[in-house]
Amino acid sequence: MDETLGNEIIDKIKAQAAPDAGEIGETPPLDTLGIHSLELTEIIFDLEEAYDIEIDMNTSEAWSNLKNVGDIVEAVRGLIAKKA
């Protein structure tokens, strides 16, 4: 994972995570961090604004593909690469 991008995304996730989530890495499931649909929606909006990308979240498949921090980082990295 690109360390800078990963750290920026982790910071955005920390802002929405449960206060007792502890250290956030790539692999913990989002729900164990207290990230559920409302929080994930906020994170998605933050990422879209920060990186000028559009994350398609209109399908249940899109939501089910975002299970942990690493999934979010990979999705954002792919969208940034497509935009370049």
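## A pair of charges in helix α4

A good place to begin is with Arg-77 and Glu-74, whose side chains meet in a salt bridge, with 2.5 Å from N to O. The two residues are 3 apart in helix α4, so about one helical turn separates them. Arg-77 counts as partly exposed, at 24% relative accessibility, and Glu-74 is also partly exposed, with a relative accessible area of 43%.

## How far to trust the model

Keep in mind as you look around that this is a predicted model. The mean pLDDT of the protein chain is 87, and 94% of its residues reach 70 or more. Among the elements of the chain, α2 has the highest mean pLDDT, at 92, while helix α3 (residues 60–64) has the lowest, at 70. As a general caution, predicted coordinates should not be read in detail where pLDDT is low.

## A second salt bridge

How many salt bridges does a search of the whole structure find? The search finds 2. Besides the pair in helix α4, the side chains of Asp-52 and Lys-83 meet in a salt bridge, at 3.8 Å from N to O. Asp-52 sits in the loop between α2 and α3 and Lys-83 in helix α4, so this pair ties together parts that are 31 residues apart in sequence.

Asp-52 is exposed, with a relative accessible area of 58%. Its partner Lys-83 is partly exposed, with a relative accessible area of 49%.

## The nonpolar core

Turning inward, the largest nonpolar core has 22 residues, and those with the most contacts inside it are Ile-9, Ile-13, Ile-72 and Val-76. The elements that give two or more residues to this core are α1 (3–16), α2 (37–51) and α4 (69–83). Helix α2 provides the largest share of the core, 5 residues. In soluble globular proteins, nonpolar side chains tend to be buried together.

Val-76 is a helpful residue to select on screen. Not counting residues up to four places away in sequence, Val-76 touches Leu-5, Ile-9, Leu-47, Tyr-51, Ile-53 and Ile-55.

## Ile-35, a loop residue

Is Ile-35, in the loop between α1 and α2, buried or exposed? At 4% relative accessibility, Ile-35 counts as buried, because the cut-off for buried is under 20%. Leaving out residues up to four places away in sequence, its contacts are Ile-13, Gln-16, Ala-17, Leu-30, Leu-40 and Ile-43. One of these, Ile-13, is also among the residues with the most contacts inside the largest nonpolar core.

The C-alpha atoms of Ile-35 and Ser-64 are separated by 13 Å, and these residues are 29 apart along the chain.

## Glu-48, a buried charge

Glu-48 has its place in helix α2. This residue is buried yet has no salt bridge. The nearest side chain of opposite charge is Lys-12, which is 12 Å away.

What lies 2.8 Å from a polar atom of the side chain of Glu-48? The backbone nitrogen of Ile-55 does. Setting aside neighbours within four places in sequence, Glu-48 is in contact with Ile-53, Glu-54 and Ile-55. Two of these names, Ile-53 and Ile-55, also appear among the residues that Val-76 touches.

## Ala-81, on the outside

A last stop is Ala-81, which lies in helix α4. Ala-81 is exposed, with a relative accessible area of 53%. The C-alpha atoms of Ala-81 and Ala-15 are separated by 25 Å, and the two residues are 66 apart along the chain.

Definitions and conventions:
Residues are numbered from 1 along each chain as its sequence is written. This is a predicted model: local features need pLDDT of at least 70, side-chain atom pairs count only at pLDDT 80 or more; totals for chains, interfaces and linings use all residues. Side-chain values use heavy atoms; hydrogens and water are left out. A nonpolar core is a set of buried Ala, Val, Leu, Ile, Met, Phe, Trp, Tyr and Cys residues joined through side-chain atoms within 4.5 Å. Buried means under 20% relative accessible area, exposed over 50%, partly exposed in between (1.4 Å probe, protein chains only). Helices (H or I, at least four residues) and strands (E, at least two) are DSSP runs, numbered from the N terminus. Contact means heavy atoms within 4.5 Å. Lys and Arg count as positive and Asp and Glu as negative; His and the chain ends are not counted. A salt bridge is a side-chain nitrogen of Lys or Arg within 4 Å of a carboxyl oxygen of Asp or Glu. A polar contact is a pair of N or O atoms within 3.5 Å; within protein, one must be able to donate a hydrogen and the other to accept it, and residues adjacent in sequence count only if both atoms are side-chain atoms. pLDDT is the predictor's confidence in each residue, from 0 to 100.
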